[in-house]
Amino acid sequence: MIEEREDRRPDSEPTGTAETTGRYVIVFSDPDANNVRMLQSTVGVASVANSRDFDDQRVDPDQADATVFAELGIAVTTLDPSQLGAMRTTSEAQSAVASISPELIHHPLTDTSYVAGYRDGAADLAERIGAAGGDSMGSATAVGEVGVAQFFDTADNTWGLAATRVSTSPLSGRGIKVAVLDTGFDSSHPDFVGRNITTASFITGETPQDGHGHGTHCIGTACGPKKPSGTRRYGVAYESDIFAGKVLSNSGSGTDASVLAGINWAIGQNCHIISMSLGANVPQAHPPYTAAGRIALSKGSLIVAAAGNNADRAARNFGFVGAPANSPFILAVGALEEDLSIAFFSARTLFRQGGGVDLAAPGRRVFSSWLMPQRYNTISGTSMATPHVSGIAALWSQSTGMRGRELWSVLVQESDRLFEPSVDVGSGLVVAPQ
Amino acid sequence: MSAQASSWPHSEPGPCRLVRMVDVVVTVTGEHRERIEHVADALRAAGLQVTHVLEELGQVTGGIPEDRLDALRTVVGVQRVDRTGEVRIAPPDSPVQ
């Protein structure tokens, strides 16, 4: 199937007229097929140069009618009307070619109006991040008016699942193991009947049963059911295998030792994702977490951790990412409000290696499971944003087969860019595969 | 898995003396990860009250009298020794967690 690329930008985007050469750039379906012969015999191009016939593949693309860049599986060629017709109509060409596009002319970017735009953008950013005394609460959003909530809980989904496009994703996290290291899990919760759940406690004298609520809430967001009885969907990876590790006591405290023991267990269980909505307000990476993160990634486990809630942005305190999220090799998550602006409590990047916020996710007024008999609760925090990323990472792992560092790359590449500084949201809003 | 609690304060036999116990995590060198149990035994001999041997991570956690910390660092197979601290979350009725 040949796809002819058109300018698909929405109307609100600036448009320009592209200069073209009159030639075409062809992307072949299979770089290793005999595309040279296809161009000659099916399309009727007279002279075809193959880059592999040249020393170091240094081919001049202006010599022959068509030049095939063999390593890329791409060719640049002239096509007269009958040759273009052959491209579009013969079945051989249709199956051999993935796309045809006009060849564009490029120029160095020396337009001076760009510089004025940069100045205006820098001034706007300075105001946004509070450097010039601006109000950092009213931020522009990707779509829609400033400060107006765009997403809200409906009868079917929480706002967070709609914003991250989990609600329209066909994936379930089936076959993916998600570990949530927290206050444990309320195993009596009716929404999780029939799920594969493995539990362990690393708190002396306490069972994996959640006596706080935080762990059950985070597991709900990451792994909750597709159709909970009597309420809206609040969970992402509804067919994932759940590993609930209790590393925080029922009163909400733990130690590095209990957290590391939980990470060790989750890696031993071959968990794809390890979700940690916890931390300490220390403004430097703690070396044991850096060591653990590196090993986890090398063994195919992606550790996702909360950036921290130590900001008070209304008072111009932007906070900083604490441990363990501030370690290199651990993915740090910031929290967003319903209008996709940064949440007032969400910690800003710590300016040291590894201390960056990597992604942002819904973290304000998040509805999810809680201890029985209360059953549900709505709370805010980077703790709530983190399991959105963890659950969505499970969907991407299922979809692409990727783990560890590759999975981290996919999450970041596929995120929606936001009109917020990267020091607060990293590469932007995490979104689910569609 | 359950953890052994370290005692504090800890009194030594002989002249009466109170020594502070500190919680640490020992990271083992790459080459020694395969034989982490041997390293753990050596750490115990050096005074570490081991709470966890973490095979996947190549780390050993435990408690030790503060004045024996430096000796711990000289045990064969030890890459580094870091003090461990507390992590915590807000109470359950807190709106921000």
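This passage describes the predicted model of the complex, from overall confidence to the chain B sheet and the nonpolar cores.

The predictor assigns the complex a pTM of 0.80 and an ipTM of 0.77. Chain B has a mean pLDDT of 87. Of its residues, 84% reach 70 or more. Residues 1-7 of chain B are a weak stretch, with pLDDT under 50 throughout. The model has 13 contacts beyond four places in sequence for these residues. Where pLDDT is low, the predicted coordinates should not be read in detail.

Chain A holds 434 residues, and 54% of them are buried. Its secondary structure comprises eleven helices and 16 strands. Among contacts in chain A with a separation of 6 or more, 75% join residues 24 or more positions apart. The accessible surface of chain A is about 18,600 Å². Carbon and sulfur atoms contribute 51% of that area.

In chain B, four strands make an open sheet in the order β4-β5-β3-β6. The pairing is antiparallel. Strands β4 and β6 (78-83) of chain B occupy the edges; each has a single partner strand, so one side of each lacks a neighbour in the sheet. On average, neighbouring strands of this sheet are turned by 25° against each other, direction ignored. Helix α7 (residues 256-268) of chain A packs on the sheet. This helix touches β3, β4, β5 and β6 of chain B. Its direction makes about 30° with that of β4(B).

Strand β5 (residues 59-65) of chain B has a partner on either side, β4 and β3, in the sheet order. Seven bridges link β5(B) to strand β3 (residues 21-28) of chain B in the antiparallel sense. In this pairing, Asp23(B) stands opposite Gly63(B), and Met21(B) stands opposite Pro65(B). Five bridges join β5(B) to strand β4 (residues 49-54) of chain B, again antiparallel. Here Gln49(B) stands opposite Gly63(B). Strands β4(B) and β5(B) form a hairpin with four residues between them. In the turn, Gly58(B) has a positive phi of about 70°.

How many residues of β5(B) are buried? Seven of the seven are buried, so the strand is largely enclosed by the rest of the structure. In a regular strand the side chains alternate between the two faces of the sheet. Both faces of β5(B) are covered. On one side, Gln59(B), Thr61(B), Gly63(B) and Pro65(B) are buried. On the other side, Val60(B), Gly62(B) and Ile64(B) are buried.

The nonpolar interior was then examined. In soluble globular proteins, nonpolar side chains tend to be buried together. The largest nonpolar core has 48 residues. Leu302(A), Leu331(A), Val389(A), Ile392(A) and Leu411(A) touch the most other members. Helix α9 (residues 382-400) of chain A supplies the largest share of this core, eight residues. Not counting residues up to four places away in sequence, Val389(A) touches Val304(A), Leu331(A), Val333(A), Leu359(A), Ala361(A), Leu411(A) and Val430(A). Another core, of 39 residues, lies apart from the largest one. Its members include Ala266(A), Ala323(A), Ala325(A) and Val87(B).

Definitions and conventions:
Residues numbered from 1 in each chain as written. Chains lettered and ligands numbered in written order. Predicted model: local features only at pLDDT ≥ 70, side-chain atom pairs only at ≥ 80, totals over all residues. Heavy atoms only, no water. Core = buried A, V, L, I, M, F, W, Y, C linked by side-chain atoms within 4.5 Å. Buried < 20%, exposed > 50% of the residue type's maximum accessible area, 1.4 Å probe, protein only. Helix = DSSP H or I, 4+ residues; strand = E, 2+ residues; numbered from the N terminus. Contact = heavy atoms within 4.5 Å. Pairing = 2+ DSSP bridges. pLDDT = per-residue confidence, 0-100. Axes fitted to C-alpha atoms, helices over the stretch in contact; angles between N-to-C directions. Areas by Shrake-Rupley, 256 points an atom, 1.4 Å probe, with all protein chains shown as cover.
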